[in-house]
Amino acid sequence: TNNIRALFTAKYNISNVLTYLGTVSFDLYNQKINKNLAVSEFGLSYLNDSAFTDKSSAINKQIYFSNRLVFEPRIGDKNSLTMQLHFDTDKLDYTYENRFLNTLNKELFTYGASLFINYKYKNKYLFSTTYRSENIDEINIENDRNNYMAFSAGWHVSQEDFLKNSKFINNLKIESSWGNSNISFLNNWDQIQYINPRISISLLNRLNLCFDVFQRKYKELQPEGDFVIRNRGWELFTNIEIIDRHDWSASIDFNLSHNENVIISTPNSYQIGDIMSNGNYLVHLQKGATLGDVYGYDYLGVYKDVTETYVHDANGNIVYEDGTTIPMHMIHPTNSGSYYEFQPGDAHYKDQYIDGRIDEKDVVYLGNVNPKLMGGVSSNIKYKGLSLNLLFYFKTGYSIINQVRMDTEKMYNHDNQSAST
């Protein structure tokens with residue numbers, strides 16, 4: 001394996017307010033693998049000591065150019081303005097060949113331009129905006145084009161006269177950001193929008209709080225209709241400096257977050273999973289559904305005897321037809337007219353419609369695999385040259401698949417089964 005890297009930078013002050021920054025980087029990576037090991041080393045003499053050969057090579061070449069103009073005009077002591085215009089290119093050549101003489105060649109050429117503007121007034125009021133447009137060219141594949149725009153604004157409240165000398169509130173900042181991007185990929189257009197308000201506060205030089213609220217909307221433009229997902233949530237971060245002395249210090253960090261992904265619109269309803277296969281669950285992608293929702297049959301255990309396999313009414317009484325019991329059966333949706341009569345030891349699913357059969361109508365919501373709350377607590381204790389770090393992580397409010405119970409109560413092969421079956 002050989003890896004050669006080089007980086008060159010240049011800086012030129014065109015004037016007192018205009019600066020040029022340039023960067024050129026090269027990265028050459030070459031890896032060759034050549035193995036020749038007799039199979040007798042593995043005790044496989046019956047293969048007549050033929051050789052096992054593994055031969056491959058990979059070459060990666062990358063060149064990156066960056067040109068940046070930084071404009072910082074002097075507009076008074078109370079104002080601060082920075083503008084940056086950035087042009088960059090990135091060329092990547094990758095070649096791979098294995099022992100079967102299969103070759104993969106990949107060439108990517110990315111070029112783009114960006115504009116950054118940052119403005120501050122009295123270090124109290126903050127504004128910034130970003131715009132970037134880039135193209136990605138790949139051989140034998142249609143070009144991709146990405147556009148990105150973002151705005152942010154902030155208010156440094158603690159710099160105001162009514163809080164500037166406060167001993168209780170050391171820092172208070174309110175800010176919010178908004179962004180939008182359009183991504184073209186293989187003739188598909190994706191749009192992403194986000195908004196992110198935030199408040200940060202520091203009290204008594206010991207307690208630091210940061211609270212974020214965010215919402216992101218992902219939209220995939222399709223001819224038959226848009227597929228839109230909304231990601232919404234919040235996050236709280238807390239840092240407490242308990243002790244800060246010359247020899248030792250102690251602090252505690254705590255974070256708590258929640259987020260969910262809801263399907264706002266979809267041109268079609270999608271169903272993933274085969275409910276007729278053991279160990280599988282259904283996932284519905286439809287309007288109003290939350291990503292991570294899981295559907296399946298309501299499992300009640302196993303049929304303990306023949307009596308339990310008969311059809312029962314809502315009161316739990318056996319149903320008779322012409323004086324004869326009716327067996328519970330399962331309908332196979334993929335094979336019209338096919339059904340299975342339950343036997344003792346089979347899985348017992350709840351008959352939601354009390355119609356004597358288990359089919360797709362009996363599929364119900366079982367839960368969501370994504371937690372409603374996630375968080376963690378960490379502590380950092382230092383004494384001279386020693387340090388102790390503790391970390392606790394938790395999540396709650398979600399459903400999990402009990403694979404152990406599935407394996408020990410499935411009753412359809414020769415594996416050992418739980419006594420409960």
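This briefing walks through a salt-bridge network, a pocket and a strand residue in the structure above. Please keep in mind that the model is predicted. Among its features are 9 salt bridges, and Asp355, Arg357, Asp359 and Lys361 are tied together in a network of such bridges. There is also a second largest pocket of about 240 Å³ to look at, and Glu134 in strand E6 makes a good last stop.

**The salt-bridge network**

- Side chains of opposite charge can pair when their charged atoms come close.
- The network is made up of Asp355, Arg357, Asp359 and Lys361, so you can follow it residue by residue in the viewer.
- Start at Asp355, whose side chain meets that of Arg357 in a salt bridge of 3.8 Å, taken from N to O.
- Asp355 also forms a salt bridge with Lys361, here at 3.9 Å from N to O.
- From Arg357 the network carries on to Asp359, through a salt bridge of 3.3 Å between N and O.

**How accessible the network residues are**

- Asp355 has a relative accessibility of 32%, so it counts as partly exposed.
- Arg357 is partly exposed too, and its relative accessible area is 32%.
- Lys361, the partner of Asp355, is partly exposed at a relative accessible area of 43%.
- Asp359, the partner of Arg357, is buried, because its relative accessible area of 9% is under the 20% cut-off.

**The second largest pocket**

- Rolling a probe the size of a water molecule over the atoms shows where empty space is left.
- The volume of the second largest pocket comes to about 240 Å³.
- Its lining consists of 13 residues, and those nearest the centre of the pocket are Leu300, His312, His348, Tyr349 and Asp351.
- Sorted by class, the lining of this pocket has 7 nonpolar, 2 polar and 4 charged residues.

**Glu134 in strand E6**

- Strand E6 covers residues 125–138, and Glu134 is part of it.
- Is Glu134 buried or exposed? With a relative accessible area of 18%, Glu134 falls under the 20% cut-off and is therefore buried.
- The side chain of Glu134 is joined to that of Arg132 by a polar contact of 3.0 Å.

Key
Residues numbered from 1 in each chain as written. Predicted model: local features only at pLDDT ≥ 70, side-chain atom pairs only at ≥ 80, totals over all residues. Heavy atoms only, no water. Helix = DSSP H or I, 4+ residues; strand = E, 2+ residues; numbered from the N terminus. Buried < 20%, exposed > 50% of the residue type's maximum accessible area, 1.4 Å probe, protein only. Polar contact = N/O pair within 3.5 Å; in protein donor to acceptor, adjacent residues only side chain to side chain. 1 Å grid on protein atoms, 1.4 Å probe; cavity = no way out; pocket = protein on both sides within 12 Å on 5 of 7 lines; lining within 4 Å. Points joined across faces, edges and corners; volume = space filled by probe spheres on them. Nonpolar A, V, L, I, M, F, W, Y, C, P; charged D, E, K, R; others polar. Salt bridge = Lys/Arg side-chain N within 4 Å of Asp/Glu carboxyl O.
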